[in-house]
Amino acid sequence: MPTSLELQVKTLPHSPGVYQYFDKDDFVIYVGKAKNLKKRVSSYFTKNHEYGKTRVLVKKIVRIEHIVVNTETDALLLENNLIKKYKPRYNVLLKDDKSYPWICIKKERFPRVFLTRRVIKDGSEYYGPYTSVKTVHNLLDLIKQLYPLRTCNYDLSKPKVDSGKYKVCLEYHLKNCKGPCEAYQDEEAYMDNIKKIRSIIKGNFKESLESLHNIMMEYAAAMNFEEAQLIKEKLVSLQNYQAKSTIVNPTINNVDVFSIISDETHGYANFFKIMNGSIIQSYTTEIKKKLDETDKELLELFIVETRQRFSSLSREVYVPFEVELGDKIKVTVPKLGDKKRIVELSLRNAKYYRQEQFKQIKIVDPDRHVKRIMAQMKKDLRLKEEPVHIECFDNSNIQGTNPVAACVVFKEGKPSKKDYRHFNIKTVEGPDDFASMEEVVFRRYKRLLQEDKPLPQLIVIDGGKGQLSSALKSLDLLGLRGKIAIIGIAKRLEEIYYPGDSVPLYLDKKSETLKIIQYLRNEAHRFGITFHRNKRSKSAIQSELEMIPDVGKQTITNLLRKFKSAKRVKNATLQELIEVVGNARAQKIHQYFHAKK
């Protein structure tokens, strides 16, 4: 059964990216970009639209696909690529023949440097694309000011220049060009300037900044402050420009990119198709494991199936690890640079898809969600069975006063609050967490055994090796050691300790297993602290009332039942007190508080 639109929208990530709307015939009818995918896509379905075209578009949407990217700039560039590929009916702005600007260093003698929107494979160097034409113009203006270059399109081959075929133009007299057309500038000096320009475009401003600073200081020394300010403004704007993009890179051409992540039951694989340096296609899917297949086996299967489905003729693939695809396909595992970043982007999309699937399963099929969580916890914590029933213990006291403990219970990964229990520490005097933990664990499981109630599959102790050892003593006394798995979690680095193992386990900080254990620990702490505060508060109230001469426990109980707190007893009138405890006691209580004031 296809996923409903409402469910798809509900599980979108809060990340920049590009979304695609499909109609009933599975055609792309709209491509859009967003700083926040979930917020942007949700807006189509949660408000009344002013324009009729938008209302018609929303009615025709049957399915949504999206691609996560790193920045808004990448989203803009990718949106342009997809619109030019699919030409969706409801896209207008980017469907024309224009594209984003590049800076070209032309392959010729005395190369020109100029803005272009067309990348031609003629050996010239192209840098970009840039999402702001203003940035390109500022950069070219700076280059022109620092390094005078020719702007004419003459063929400055050596024979033609030596023959005197050309004459210098106005640009030479304006000092914007040094006249290579009449050999006033030699090729070596010109190419040295091109080398410096190439560094500027790539973002290496060190040499040029020094030169620019000197020019600015010369203007300032000559009291020409307006020109100095203009140079300063150009420099500030250029610091924000982006020389390259992960989405579009002319050095990556006709390549397929694949990645995969997996859990106990499913793999999640992503595919990018790159043509002429641009991502033009993205496909992510879920692969159900039939047996215990490895990521390598699943990825090889996915690559073969996907290349056949999309009729890919690319002779090279980028993957996160080595796979075997035969001799006709070159397999590249990038280690750094743009190739590495594009594989990381593919992997990121696979991870987002996995998260969305989890969210949807949690809503549509909660039983499957629970089974997956339990299987993952069993694997991560190296348990013999799935921890369907977990109990967590925590102690609370202040310098040994009012010591209490809490036991919280989770079933199928969720709190079971009706099974929570409080404990007053009875046999321990002073602040001794180890002895308190030993007492509470013993009392808890002795009672469960006496009442023949089910035992948990996992016990979590809030604390390190000391508290864990104390809890183990109680399990030994009850004969439960080895029958119930037990671990301790230390707060500092979230180390997981096991009985008899001095080396702790460190779980991935983003893993669901660690999040559930942290939730358990925090819930036990909250539950214990609340009980401790209430007990301490009640103790303080009772101790104040107990200070009144000739007032016993029953009188205090009657007063608190009526007035709820010692403060209200203080503020009560004599007549109100008489109605509760009689005239004689009321007189003593009223006089006691009145005298204190």
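In the predicted model, the loop between α4 (72–86) and β4 (102–105) contains Lys 87, a residue other than glycine whose phi is nonetheless positive, near 45 degrees. Lys 87 counts as exposed because its relative accessibility is 54%, and the cut-off for that class is over 50%. A second residue other than glycine with a positive phi is Glu 412, for which the angle is near 55 degrees. Glu 412 is placed in the loop between β13 (401–411) and β14 (414–415). With a relative accessibility of 45%, Glu 412 counts as partly exposed, since this value falls between the limits of 20% and 50%.

The strand that follows the loop of Lys 87, β4, belongs to an open sheet of 3 strands, arranged in the order β5-β4-β6 with antiparallel pairing. The edge strands of this sheet are β5 and β6, each of which pairs on one side only. On average, and with direction ignored, neighbouring strands of the sheet are turned by 30 degrees against each other. Between β4 and β5 (residues 113–116), the antiparallel pairing extends over 4 bridges, and within it Trp 102 has Thr 116 of β5 as its bridge partner. Between β4 and β6 (residues 125–127), the antiparallel pairing extends over 3 bridges, and here Ile 103 stands opposite Tyr 127 of β6.

Both faces of β4 are covered, with Trp 102 and Cys 104 buried on one side, and Ile 103 and Ile 105 buried on the other. Two helices can be described in relation to these strands. Helix α5 (residues 133–146) lies across β4 and β5 and runs at about 170 degrees to β5. Helix α8 (residues 187–201) packs on the sheet, where it touches β4, β5 and β6, and the direction of α8 makes about 160 degrees with that of β4.

Empty space within the model was examined next. Rolling a probe the size of a water molecule over the atoms shows where such space is left. The count of cavities of 30 Å³ or more comes to 3, and the largest cavity holds about 80 Å³ of space. This largest cavity is lined by 13 residues, of which Arg 150, Cys 152, Cys 169, Cys 177 and Cys 181 are the closest to its centre. By class, the lining of the largest cavity divides into 8 nonpolar, 2 polar and 3 charged residues.

The largest pocket, for its part, has a volume of about 1100 Å³. Of the 30 residues that line the largest pocket, those closest to its centre are Arg 354, Phe 358, Lys 510, Ser 511 and Glu 512. Two or more residues of the lining are given by each of the elements β7 (255–262), α12 (337–364), α13 (366–380) and α16 (512–545). Among these elements, α12 supplies the largest share of the lining, namely 8 residues. The lining of the largest pocket comprises 15 charged, 7 polar and 8 nonpolar residues, whereas that of the largest cavity comprises 3 charged, 2 polar and 8 nonpolar residues.

Terms used. Residues are numbered from 1 along each chain as its sequence is written. This is a predicted model: local features need pLDDT of at least 70, side-chain atom pairs count only at pLDDT 80 or more; totals for chains, interfaces and linings use all residues. Side-chain values use heavy atoms; hydrogens and water are left out. On a 1 Å grid over the protein atoms alone, a cavity is a set of points where a 1.4 Å probe fits but cannot get out, and a pocket is an open set with protein on both sides within 12 Å along at least five of seven lines; lining residues have an atom within 4 Å of a point. Grid points are joined across faces, edges and corners, and a volume is the space filled by probe spheres set on the points. Ala, Val, Leu, Ile, Met, Phe, Trp, Tyr, Cys and Pro count as nonpolar, Asp, Glu, Lys and Arg as charged, and the others, Gly among them, as polar. Buried means under 20% relative accessible area, exposed over 50%, partly exposed in between (1.4 Å probe, protein chains only). Two strands pair if DSSP finds at least two bridges between them. Axes are lines fitted to C-alpha atoms, for helices over the stretch in contact, and angles run from 0 to 180 degrees between N-to-C directions. Contact means heavy atoms within 4.5 Å.
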